[in-house]
Amino acid sequence: MEDTNKITEVPQSEEEMQIVAKAIEMLKTVYDPEIPVNVYDLGLIYRIDYTESDKTLHVDMTLTAPSCPAADFILEDVRQKLVSIKGPEKVDLRLVFEPEWSQDMMSEEAKLELGFL
């Protein structure tokens, strides 16, 4: 599967790489209840960064639409999965709407699952 998501910062240390990889693994278990594809492959995750100095996991994400009826459910599921990761002491989860999400942000696997290919 080709990964089309763009992580804005490249992890520098082994610890950072492991925590970012674990965050991606956990995010792939979070689904919008109305869409059979996880939030990571949908392209809803814009940034994953771990700061070793303050042990904070930073994640910027969006929704398929600002008025998404499942927004609270999805955000709480994401937060719970991220706080379960060993290492980070804090999670900075931000909901952003810039850039606006589009179907082009989905992975090839997600497009195939949803019948866009």
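K81 has a relative accessibility of 21% and therefore counts as partly exposed, since the buried class ends under 20%. Its salt-bridge partner is D77, which at 16% relative accessibility counts as buried. These values come from a predicted model, and the points below place this pair within the protein as a whole.

**The pair in helix α2**
- D77 and K81 form a salt bridge in which the closest N and O atoms are 3.4 Å apart.
- Both residues belong to helix α2, which covers residues 71–83.
- They are four residues apart, and this spacing corresponds to about one turn of the helix.
- The cut-off for a buried residue is under 20% relative accessible area, so D77 at 16% falls in the buried class, whereas K81 at 21% falls in the partly exposed class.

**Other salt bridges**
- Six salt bridges are found when the whole structure is searched.
- One of the salt bridges joins R47 to D49, with 3.8 Å between the closest N and O atoms.
- Both R47 and D49 are buried.
- R47 and D49 also belong to a network of salt bridges that includes D60.
- Another salt bridge brings together the side chains of R94 and D92, at 3.0 Å from N to O.
- R94 has a relative accessibility of 42% and therefore counts as partly exposed.

**Charges**
- The protein carries 11 positive and 25 negative charges.
- The mean position of the positive charges and that of the negative charges are 5 Å apart.

**Secondary structure**
- The protein contains three helices and three strands.
- Read from the N terminus, these elements follow the order α-β-β-α-β-α.

**Overall shape and packing**
- The radius of gyration is 14 Å, which agrees with the value near 13 Å that a compact globule of 117 residues would have.
- The C-alpha trace extends over about 40 × 30 × 25 Å along its principal axes.
- Of the 117 residues in the protein, 45% are buried.
- Among contacts with a separation of 6 or more, 66% join residues that are 24 or more positions apart.

**Surface**
- The protein exposes an area of about 6600 Å².
- Carbon and sulfur atoms supply 51% of this exposed area.

Methods
Residues numbered from 1 in each chain as written. Predicted model: local features only at pLDDT ≥ 70, side-chain atom pairs only at ≥ 80, totals over all residues. Heavy atoms only, no water. Helix = DSSP H or I, 4+ residues; strand = E, 2+ residues; numbered from the N terminus. Rg over C-alpha atoms; globule rule 2.2 N^0.38 Å. Buried < 20%, exposed > 50% of the residue type's maximum accessible area, 1.4 Å probe, protein only. Contact = heavy atoms within 4.5 Å. Areas by Shrake-Rupley, 256 points an atom, 1.4 Å probe, with all protein chains shown as cover. Lys, Arg positive; Asp, Glu negative; His and termini not counted. Charge placed at Lys NZ, Arg CZ, Asp CG, Glu CD. Salt bridge = Lys/Arg side-chain N within 4 Å of Asp/Glu carboxyl O.
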